[in-house]
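Notebook open, coffee poured. I want to go through this structure piece by piece and jot down what I look up.

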Amino acid sequence: MRKIKELVIERGLLLSALITIAVTVGIILVLSIEAIKFFSEVSIIDFLTDPEWTPLFTDKHFGIMSLLSGTLLTSFIAIAFALPVGLSISIYLSEYAPKSFRRTIKPLLELLAAVPTVVYGFFALMVVTPFLQTIIPGLSSFNSLSAGIVMGIMIIPYISSLSEDALHAVPYTLREAAYGMGSTRLQNAFKVIVPAASSGIIVSIILAISRAIGETMIVAIAAGQQPRLTFDPTVPVETITAYIVQVSLGDVQHDSLEYKTIFAAGITLFVFTFLLNTISYRIRKKFQEKYE
Amino acid sequence: MNNIKKNRLKDQAFKIWGIACTLLGLVLLAIFIGNILIDGILRIDWEFVMNLPSRHAEESGIYTALMGSIWVLLLTTLIALPIGIAAAIYLEEYSKKNKLSTILEVNISNLAGVPSIIYGLLGLEVFVRIMEMGASVLAGSCTLALLILPIVIVSTREAIKAVPKSIRDASFAMGASKWQTVYHQLLPASFGGILTGIILALSRAVGETAPLIVIGALAYVPFAPSSPMDEFSVLPIQIFNWITRPQHGFVENAAAAIIILLLITFVMNGIAVYFRNKWQKKFK
């Protein structure tokens, strides 16, 4: 009796764990099936090379590049802002700051990542854009600069916390050796600790990039809804995610071509984040073996 | 000697730069919260909480969105909790190191990195269309449950892993079966840690906007949901809707609703940190 009960429970637990696989399979199936339907109507070459994306107009163009450029541009601005700040924070907290300061400041910084993204969108549109307009007169009220910077603020803790964990995990003996040779804290940090923790730092950066690429509400609110192939940060652009939101807000018939475009856009997004996540997972596994 | 001085100077300079960077994020957060408080605090009163949405900004309230958020949060918990904890128990206590366990592990780590809007596309096709739930509270909750599942699993595993091995050995030595050990020893011992992870996951769910927009949650719902199959809106979607309206009154409404949403998020985070600290002391 007891053995049967134990077996049933074990199977039940296994089933729950297998649900996670079903989710992945579900995502891939849903995205591919709708995307295949899409590509039976639109040639994949047009999709990859056409410079315009206008599926909602009468003159329809389906060039993903103009959405992708919006996604990459906002993500680039976010990382360009968050990387130096986040990395400096992690080095300061790990190598300079007193222990008690570190313990109080880390959870506070992590609050930055806990704020709902729609709230950041409000911040970008109502506070940051008007402020930037006083410095850059030609700035449009929807632009990738403001959205990118605010997204950068949001991902600071992703870089600072994960990098700090990596720096902190470097064995203390390395520091003692460096200080014994007469290094300053700065030399120790940049010549010994950062190189030793480099894989962990790279993982944190990749995760931050992946987070920025998939971010939706900030860019949907503050970056605009005009897909264009540009790297000018002062004009409105549209990201892949913002496009999906735009279509979802309208009345779109199931099985119409517009409906399928959001899955074609979605699979593009999924491929990018999937690659980044896989790379970071590989590096993380390698990193763990190094110190444990 | 000059060189040493220069290095010390650089060292000090970086220290100041590091402090500046650390404070930058917090100062920005403070400016931002201050701004929203100025814009919205005067708008919050009992009527704002209890009123239905309206075309007129001054008469609009968040009642339907708030009720929608509470419904979604409760249902999401009911769905994600048992599955997440069960999966974590399996991975931590039952699974042997083989191909399946590696696949499960890689897969969960990957799911945690999938953008939330992709879960929205999954929910739209599977729950809304194929299972014919429509844009209901249930469809939204199922979607968010899948979204937070990886977070629940990872944090529950961490909590179970932290229980000392001696407790398992003692339980087995008393003749307990594996499940008895899990149910009577490990789960109670790791309760605080599991709770922390779940509250953090739910605080993420309460702020999610994009996946719910994709499954078709509405910005304007005249009534609060009364069953899982009803249409719904949630606070973040209501905020998004108000932000995108040009009239000034709606900006105030958005700021006021943001204050309430932030309050909910920060209180949940605070509770989670409290439980974590209390629970960590137990094993140290």
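**Entry 1: the chain-chain contact**

I started with the interface: 67 residues of chain B are in contact with 71 residues of chain A. For me, contact means that the C-beta atoms of two residues, placed from the backbone, lie within 7 Å. On the chain B side, helix H1 (residues 2–40) of chain B brings the largest share, 18 residues. Helices here are DSSP runs (H or I, at least four residues), strands are E runs of at least two, and both are numbered from the N terminus. I sorted that side of chain B by class and got 43 nonpolar, 17 polar and 7 charged residues. My classes: Ala, Val, Leu, Ile, Met, Phe, Trp, Tyr, Cys and Pro are nonpolar, Asp, Glu, Lys and Arg are charged, and the others, Gly among them, are polar.

**Entry 2: ground rules**

Note to self: this is a predicted model, where local features need pLDDT of at least 70 and side-chain atom pairs count only at pLDDT 80 or more, while totals for chains, interfaces and linings use all residues. Residues are numbered from 1 along each chain as its sequence is written, and chains are lettered from A and ligands numbered from 1 in the order in which they are written.

**Entry 3: chain A overall**

I find 12 helices and 0 strands in chain A. Its C-alpha atoms fill a box of roughly 75 × 70 × 35 Å along the principal axes. Chain A has 292 residues, and 48% of them count as buried. The cut-offs: buried takes 20 or more other C-beta atoms within 10 Å of the residue's own, exposed takes 12 or fewer, and partly exposed is in between, with C-beta atoms placed from the backbone. Of the contacts in chain A with a separation of 6 or more, 74% join residues 24 or more positions apart.

The domain assignment splits chain A into domain 1 (2–41) and domain 2 (65–291); such bounds come from an automatic or database assignment. I get 30 Å between the C-alpha centres of these two domains of chain A. Their contact takes 8 residues from domain 1 and 8 residues from domain 2 of chain A. The domain 1 side of that contact in chain A holds 4 nonpolar, 1 polar and 3 charged residues.

**Entry 4: chain B overall**

Chain B gives me 11 helices and 0 strands. Its C-alpha trace spans about 75 × 70 × 35 Å along the principal axes. Of its 284 residues, 47% count as buried. In chain B, residues 24 or more positions apart make up 76% of the contacts with a separation of 6 or more.

Here the split is domain 1 (2–43) and domain 2 (47–282) of chain B, with C-alpha centres 32 Å apart. I see 6 residues from domain 1 and 8 residues from domain 2 of chain B in their contact. By class, the domain 1 side in chain B has 3 nonpolar, 1 polar and 2 charged residues.

**Entry 5: H5(A) and its partners**

How do H5(A) and H6(A) cross? The axes of helix H5 (residues 117–135) and helix H6 (residues 144–168) of chain A come within 9 Å and cross at roughly 130°. I use lines fitted to C-alpha atoms, for helices over the stretch in contact, with angles from 0 to 180 degrees between N-to-C directions. So H5(A) is oblique to H6(A). My angle bins: under 35 degrees is roughly parallel, over 145 roughly antiparallel, 65 to 115 roughly perpendicular, and the rest oblique. The H5(A)/H6(A) crossing is right-handed. For handedness, the near helix is turned from the far one by less than a right angle, anticlockwise for left-handed and clockwise for right-handed. Among the residues making the contact are A:Tyr120 and A:Phe123 of H5(A) and A:Ile149 and A:Met154 of H6(A). That contact has 10 nonpolar, 3 polar and no charged residues.

Across the interface, the axes of H5(A) and helix H10 (residues 235–243) of chain B also come within 9 Å, crossing at roughly 20°. That makes H5(A) roughly parallel to H10(B), and the crossing is left-handed. A:Val118, A:Gly121, A:Phe122 and A:Leu125 meet B:Pro236, B:Ile239, B:Phe240 and B:Ile243.

**Entry 6: B:Thr181**

Last lookup: B:Thr181 sits in helix H8 (residues 178–207) of chain B. B:Thr181 counts as partly exposed because it has 19 C-beta neighbours inside 10 Å. Beyond four places in sequence, its contacts include B:Arg168, B:Phe172 and B:Leu186.
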